[in-house]
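Student: I would like to learn how the words used for a protein model are earned. Could we go through this one together, term by term?

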Amino acid sequence: MTGDESRGQIRPGRSRYPVTEYGADGDGEADDTDAIQAAIDDAVNAGGGVVVVPGGNYRLTSRLELIDARNVVLEGAGTATVLYRDGSDGTVLSIDSSRNAAGQSGSAPGQRRSAHTLIRNLCIDRADEPTAESTGIHVVDAVHTTLQGLAVYNQGRGVVIGTEDSDGNVPEHTTIADSTFEDGYTSQFGPNGYPDAVVKLHDSVHTALHNTFISPTNVGIDALGNSRHVSITQCILLHYDPDGAYNVRMTGTGYDRRIVNSVLENAPQGQIRLEGETSNVTFAGSWIGAGELPIDAPARGIEISDGVSDVSIVDNRIGHQRREGLWIRGSNVTVANNVMVDNVFQPGIADGTTDSVFIEDATHVTFVNNKVWSNWERHGVHITGETDAFSVTGNDLTEFWIDEAGGLVVDAEGCERSVEYNITPELTGIQ
């Protein structure tokens, strides 16, 4: 990273560039692409500035590009400013470097990159039903990018950060804040969803989502590849589509990924899925629910697959999943101080074959000081398979419903274990 790139916050240039002075009409009919692009280019060439997009509907026929942009602000008037693209595919706005845009595999050391760019108070929309490859905003080769106060509708992918299989620079220090990604019910073009993911991360570094509302129709946040240092705080992910997948999916080899003080609800396949070699993941202080799903949906709260390691699940409330609240494989998993309530939520069709917490073939699992209860589970906590090196201590597992169910059942083959001081419904209640 060059010295210029590592300086402090966004520093708007001395000039303002109103797009209306470049011929943009904002009447929803004229093609405003060239006029807005000209204003952006002048701000970039001046070394910074504020590109002002007043209220209006600005029709685009190709993508807008911020190339080698430094200290450039693209600012609208909130949802009164709509940038919408014709057609079902393509990108509305991209932030990139000239070297990468020319197909030269990212910026060379010392090469200019877009830096300290702010996109603020805009609505990003699309006139036609989107394909899965269409994108609202693509941050390709940039550092210190902020997307704030946006409303994004009708895109295959709302925001993409990075590119798949990148062999050049990757985006660093990208923030998405105070924004809304909806499936289009308040869009003037109709309720089209996100057939891919609302936010998709490819090999990005230091990505933060804060105070943002997301309503996915497939996947909400998809962290892929080596995307690392991902922070999701005070966000709401509320899934509406019964044919969708997950609210958050984390895969690849990325690490240091966290969800804190957030709400994730109603994704039909599950709220959070970890797979691949994801590591150093934290979920804390969040509500993970599924209260409005069809009874037969296969939703789980948090699913941790083989190969995942170093996961902490602390101080959450996990409830009303149609299947397990927690489904754990992987290694080095800590579950502490959570409340798991009414999971295996299948009133009327419960068959007593699913557990609130299911731990199978895992290693080094600590399950401590949790409260687990449901009216429909088979067991509160079931540890089975080749699970080894686990500790289950100080949990309240007193409430269950299915006849002959157990609050805690351990039939794992592993020999290194500590199971003590748990309150269970069997006999005296002390195990």
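Student: Why is Cys235 called buried?

Tutor: Buried means under 20% relative accessible area, exposed means over 50%, and partly exposed lies in between, with a 1.4 Å probe and protein chains only as cover. Cys235 has a relative accessible area of 1%, so Cys235 is called buried. Cys123, with 4%, is therefore buried as well. Please keep in mind that this is a predicted model, where local features need pLDDT of at least 70, side-chain atom pairs count only at pLDDT 80 or more, and totals for chains, interfaces and linings use all residues. Residues are numbered from 1 along each chain as its sequence is written, and side-chain values use heavy atoms, with hydrogens and water left out.

Student: How many disulfides are there by the rule?

Tutor: A disulfide is a covalent bond between the sulfur atoms of two cysteines. The rule asks for a pair of cysteine sulfur atoms within 2.5 Å, and by it the count is zero disulfides.

Student: What makes 33-45 a helix, and how does the reach of α1 compare with the expected span?

Tutor: Helices are DSSP runs of H or I with at least four residues, strands are runs of E with at least two, and both are numbered from the N terminus. Helix α1 has 13 residues. The expected span is 1.5 Å times one less than the number of residues. From first C-alpha to last, α1 reaches 18 Å, close to the expected 18 Å. Its buried residues include Ala35, Ile36, Ala39 and Ile40. After α1 comes Gly47, with a positive phi near 90 degrees. In the whole chain there are two helices and 42 strands.

Student: Which residues touch the most other members of the largest nonpolar core?

Tutor: Leu83 and Leu326 do, in a core of 80 residues. The largest share of this core, six residues, comes from α1. A second, separate core of five residues includes Val82, Tyr84, Cys123 and Ala151. The term stands for a set of buried Ala, Val, Leu, Ile, Met, Phe, Trp, Tyr and Cys residues joined through side-chain atoms within 4.5 Å. In soluble globular proteins, nonpolar side chains tend to be buried together.

Student: What does Ile221 touch, and why is Ile221 called buried?

Tutor: Ile221 sits in strand β20, residues 219-224. Its relative accessible area is 1%, so Ile221 counts as buried. A contact means heavy atoms within 4.5 Å. Leaving out residues up to four places away in sequence, Ile221 touches Val199, Leu209 and Arg249, among others. Arg249 is 28 residues away along the chain, and the C-alpha atoms of Ile221 and Arg249 are separated by 6.3 Å.

Student: What share of the contacts in the chain join residues at least 24 apart?

Tutor: Among contacts between residues at least 6 apart in sequence, that share is 73%. Buried residues make up 56% of the 431 residues in the chain.

Student: Where is Asp203, and why is Asp203 called buried?

Tutor: Asp203 lies in the loop between β17 (197-202) and β18 (205-210). Its relative accessible area is 17%, so Asp203 is called buried. Asp203 is not a glycine, yet has a positive phi of about 50 degrees.

Student: How do you know that Asp342 is buried?

Tutor: Its relative accessible area is 11%, so Asp342 meets the cut-off for buried. Asp342 has a positive phi of about 55 degrees although not a glycine, and is placed in the loop between β34 (339-341) and β35 (357-360).
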